[in-house]
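Thank you all for making time this morning. I would like to walk you through a structure that will be new to most of you, so please have the sequence and the 3D view open while I talk.

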Amino acid sequence: KLVEYVFDHIRQINEEGKTSFLIVEQDVNLILDRADEVFAMQLGSIVHGGSPEDFRKDERLRKLFLGKG
């Protein structure tokens with residue numbers, strides 16, 4: 001899958017060169033599985049900034065962005 005190919009290369013560049021990337025992605029699960037830090041926005045305001053683990057633990061965010069409670 002092209003998306004996974006691109007993310008694999010981004011991760012490789014990140015690890016080799018200590019280069020940071022800002023990725024805007026609507027597939028929350030895709031990002032949560034790959035990012036070191038995530039920011040989530042709702043109606044133009046940041047509603048979360050932190051680790052993917054913290055995002056997954058927050059019931060409000062799971063309902064809002066993942067449709068799970």
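Leaving aside neighbours within four places in sequence, which residues is Phe7 in contact with? Before I answer, please keep in mind that what you see is a predicted model. With those sequence neighbours set aside, Phe7 is in contact with Ile23, Glu25, Leu30, Ile31 and Arg34.

Phe7, Leu30 and Ile31 all belong to the largest nonpolar core, a set of 10 residues that also includes Val28, Leu32, Val38, Ala40, Phe55, Leu61 and Leu66. If you colour this core by element, you will find that α2 (28-32), β1 (38-42) and α4 (59-66) each supply at least two of its residues, and that α2 gives the most, with four residues. As general background, nonpolar side chains in soluble globular proteins tend to be buried together.

Let me turn from the core to the outside, where Leu2, Tyr5 and Val6 make a nonpolar surface patch of about 330 Å². Tyr5 sits in helix α1, which covers residues 2-17, and Tyr5 counts as exposed because its relative accessible area is 52%, where exposed means over 50%.

Now for the charged side chains: how many salt bridges does the structure hold? There are four, and I will go through three of them, with the general reminder that side chains of opposite charge can pair when their charged atoms come close.

One of them brings us back to Arg34, whose side chain meets that of Glu4 in a salt bridge, at 4.0 Å from N to O. This pair links distant parts of the chain, since Arg34 is in the loop between α2 and β1 while Glu4 is in helix α1, 30 residues apart. Arg34 counts as partly exposed, at 25% relative accessibility, and Glu4 is likewise partly exposed, at 38%.

Another salt bridge is formed by Asp36 with Arg11, and here the closest N and O atoms are 3.5 Å apart. Again distant parts of the chain are linked, with Asp36 in the loop between α2 and β1 and Arg11 in helix α1, 25 residues apart. Within this pair, Asp36 is exposed, with a relative accessible area of 57%, whereas Arg11 counts as partly exposed, at 28%.

The next pair lies within a helix: the side chains of Lys63 and Glu59 meet in a salt bridge at 3.3 Å, N to O. Because Lys63 and Glu59 are four residues apart in helix α4, they are separated by about one helical turn. In general, an α-helix has 3.6 residues a turn, so residues three or four places apart point the same way. Glu59 itself is partly exposed, with a relative accessible area of 41%.

While we are on α4, please look at its two ends. Asp58 caps the N-terminal end of α4, with a side-chain oxygen lying 2.9 Å from the backbone nitrogen of Arg60. After α4 comes Gly67, whose phi is positive, near 70°.

My last stop is Gln26, and I would ask you to judge from the view: is Gln26 buried or exposed? At 79% relative accessibility, Gln26 counts as exposed, and its place is in the loop between α1 and α2. The C-alpha atom of Gln26 is separated by 9.3 Å from that of Phe65, although Gln26 and Phe65 are 39 residues apart along the chain.

Methods. Residues numbered from 1 in each chain as written. Predicted model: local features only at pLDDT ≥ 70, side-chain atom pairs only at ≥ 80, totals over all residues. Heavy atoms only, no water. Core = buried A, V, L, I, M, F, W, Y, C linked by side-chain atoms within 4.5 Å. Buried < 20%, exposed > 50% of the residue type's maximum accessible area, 1.4 Å probe, protein only. Contact = heavy atoms within 4.5 Å. Polar contact = N/O pair within 3.5 Å; in protein donor to acceptor, adjacent residues only side chain to side chain. Patch = residues over 30% accessible without salt bridge, like charges linked within 9 Å, V, L, I, M, F, W, Y side chains within 5 Å. Areas by Shrake-Rupley, 256 points an atom, 1.4 Å probe, with all protein chains shown as cover.
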